[in-house]
Amino acid sequence: MILKEFRELRRDKRTMAMLVALPLLLLIVFGYAANFTVDTLQVAVVGSQADRAEQMIGQQPDASEKLDLTTVDADATEADARTLLADDEVDMAILTGDASEAEGGRPTVLVDGSNLFAAQTAQVLVAQLGDAVDSEILYNPDLETSWVMVPAIIGLILTFIGTIITSIGLVREREAGTLEQLAVMPLSPTAVIMGKVTPYFLLASLDMVIITVLGMVVFGVPFNGSVVAFTLGAALFLFAVLGIGVLISTVSQTSGQAVQLALMTLLPQVLLSGMIFPLEAMAAGVRWIGYLLPLTWFTKISQGVMLRDAGWEYLWLPLTVLAVMAVVIFGVAVLRLRREIAPAAARQESR
């Protein structure tokens, strides 16, 4: 019986992947990605004393190691600094000279509160300076965890419905033996696929609205940005995860296999998308995986729109990436499913 069970496990490649690949994935993730500490902050220094502030920071080893001065502009204003923060180009901005309205000419530090862990690191640095600077936390003044998590949870729910529920629903057609009946219906394979996918799309859209409204009412999460941009990003993201669900259904013979594969695709998105662990704190070798995941880009859109009122100058990149992912993933899924339906139709017609 022991030898028989080993032989069955060897033939079941999906279970072997769960037994071998999943523990290795968890080891890599929690070894290199599970880090809540952001060691380096991207900083903009603006105002008439920007050059002087840059020199002072460079003379302090501790500050120079933790602060990456990506922008130093003596002609920039506070409005320019706030735009950089809204577009997620920097984690904090230091206003000097005429750009700062603090009494006594003290610099003012603006911190992006939507990037929770970076903001906490910035708070520690500001506290070390004491009364030398004034500080203001933008977009999430109280550093509420729920404000950062709710926009990401919206994406997680859409991922769950699009990947797991969709794949199981389509596999049930095969298990029930109704796939061949669908194949010979007076509809094109594409129409059959869209007919099967549309209910999940509408259900996920309804869930998105409910969760977004509940997040705003129960947790007080703001919605500062464009509803159009948020809706567009959600639609593109949903098409991408629905495509993943359809792809899983094409390579699964049973609901159990579909669930296994869906979990294997869902877990990396939860752990490596920046939803739990900040991407900036991940090792470079692991971080690039996060940028290949749809949830990473939707989280950027949802947090950017809801918390920072991010403009199209920032949103165009995640929207473009999601559009490409949606076209590629959903297109491949439709082609694979059409290739599966065509032989079923031929067999049914031969009868």
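A salt bridge is a side-chain nitrogen of Lys or Arg within 4 Å of a carboxyl oxygen of Asp or Glu. Keep that cut-off at hand. The model used here is predicted.

**Exercise 1. Salt bridges**

Task: Find how many salt bridges the structure holds, and work out which residues join into one network.

Solution.
Step 1. Get the total. The structure holds three salt bridges.

Step 2. Start in helix 5. Arginine 82 and glutamate 78 meet through their side chains, with N to O at 2.9 Å. That value passes the test of within 4 Å. The two residues are four apart in helix 5, so about one helical turn separates them.

Step 3. Look for a second partner. Arginine 82 also forms a salt bridge with glutamate 136, where the closest N and O atoms are 3.3 Å apart. Arginine 82 belongs to helix 5 and glutamate 136 to strand 5, so this pair ties together parts 54 residues apart in sequence.

Step 4. Add the remaining pair. The side chains of aspartate 134 and arginine 106 meet at 3.0 Å, N to O. Aspartate 134 sits in strand 5, and arginine 106 sits in the loop between strand 3 and strand 4, so the link spans 28 residues in sequence.

Step 5. Join bridges that share partners. Glu78, Arg82 and Glu136 form one network.

**Exercise 2. Buried, partly exposed or exposed?**

Task: Classify the salt-bridge residues arginine 82, glutamate 78 and glutamate 136.

Solution.
Step 1. Recall the cut-offs. Buried means under 20% relative accessible area, exposed means over 50%, and partly exposed lies in between.

Step 2. Apply them. Arginine 82 has 29% relative accessibility, so it counts as partly exposed. Glutamate 78, at 22%, counts as partly exposed. Glutamate 136 has a relative accessible area of 35% and is partly exposed.

Step 3. Turn to the other pair. Aspartate 134, at 26%, counts as partly exposed. Arginine 106, at 28%, counts as partly exposed.

**Exercise 3. The sheet**

Task: Give the strand order of the open sheet, and explain why strand 2 and strand 5 each have one side without a neighbour.

Solution.
Step 1. Read the order. The five strands run 2-1-3-4-5, with mixed pairing.

Step 2. Find the edges. Strand 2 (67-73) and strand 5 (134-138) stand there, each with a single partner strand, so one side of each lacks a neighbour in the sheet. From one strand to the next, the twist averages 20°.

Step 3. Follow strand 1. Six bridges join strand 1 to strand 2 in parallel. Alanine 44 has threonine 71 in strand 2 as its bridge partner. Five bridges join strand 1 to strand 3, again in parallel. Here valine 45 stands opposite isoleucine 94 in strand 3.

Step 4. Check how covered strand 1 is. Six of its seven residues are buried, so strand 1 is largely enclosed by the rest of the structure.

Step 5. Finish at strand 5. Strand 4 (residues 108-112) pairs with strand 5 in the parallel sense over five bridges. Leucine 110 has glutamate 136 as its bridge partner. Glutamate 136 is also the salt-bridge partner of arginine 82.

Step 6. Place helix 5. Helix 5 (residues 78-86) lies across strands 1, 2, 3, 4 and 5, at about 175° to strand 3.

**Exercise 4. A surface patch**

Task: Locate valine 209 and state which patch it helps to make.

Solution.
Step 1. Valine 209 lies in helix 9 (residues 189-218).

Step 2. Valine 209 has 44% relative accessibility, so it counts as partly exposed.

Step 3. Valine 209 helps to make a nonpolar surface patch of about 820 Å², with residues including Leu206, Ile210 and Val213.

Note on methods
Residues are numbered from 1 along each chain as its sequence is written. This is a predicted model: local features need pLDDT of at least 70, side-chain atom pairs count only at pLDDT 80 or more; totals for chains, interfaces and linings use all residues. Side-chain values use heavy atoms; hydrogens and water are left out. Patches are made of residues with over 30% relative accessible area and no salt bridge: like charges are joined within 9 Å, nonpolar side chains (Val, Leu, Ile, Met, Phe, Trp, Tyr) within 5 Å. Accessible areas come from the Shrake-Rupley method with a 1.4 Å probe; for residues, only the protein chains shown count as cover. Buried means under 20% relative accessible area, exposed over 50%, partly exposed in between (1.4 Å probe, protein chains only). Two strands pair if DSSP finds at least two bridges between them. Axes are lines fitted to C-alpha atoms, for helices over the stretch in contact, and angles run from 0 to 180 degrees between N-to-C directions. Contact means heavy atoms within 4.5 Å.
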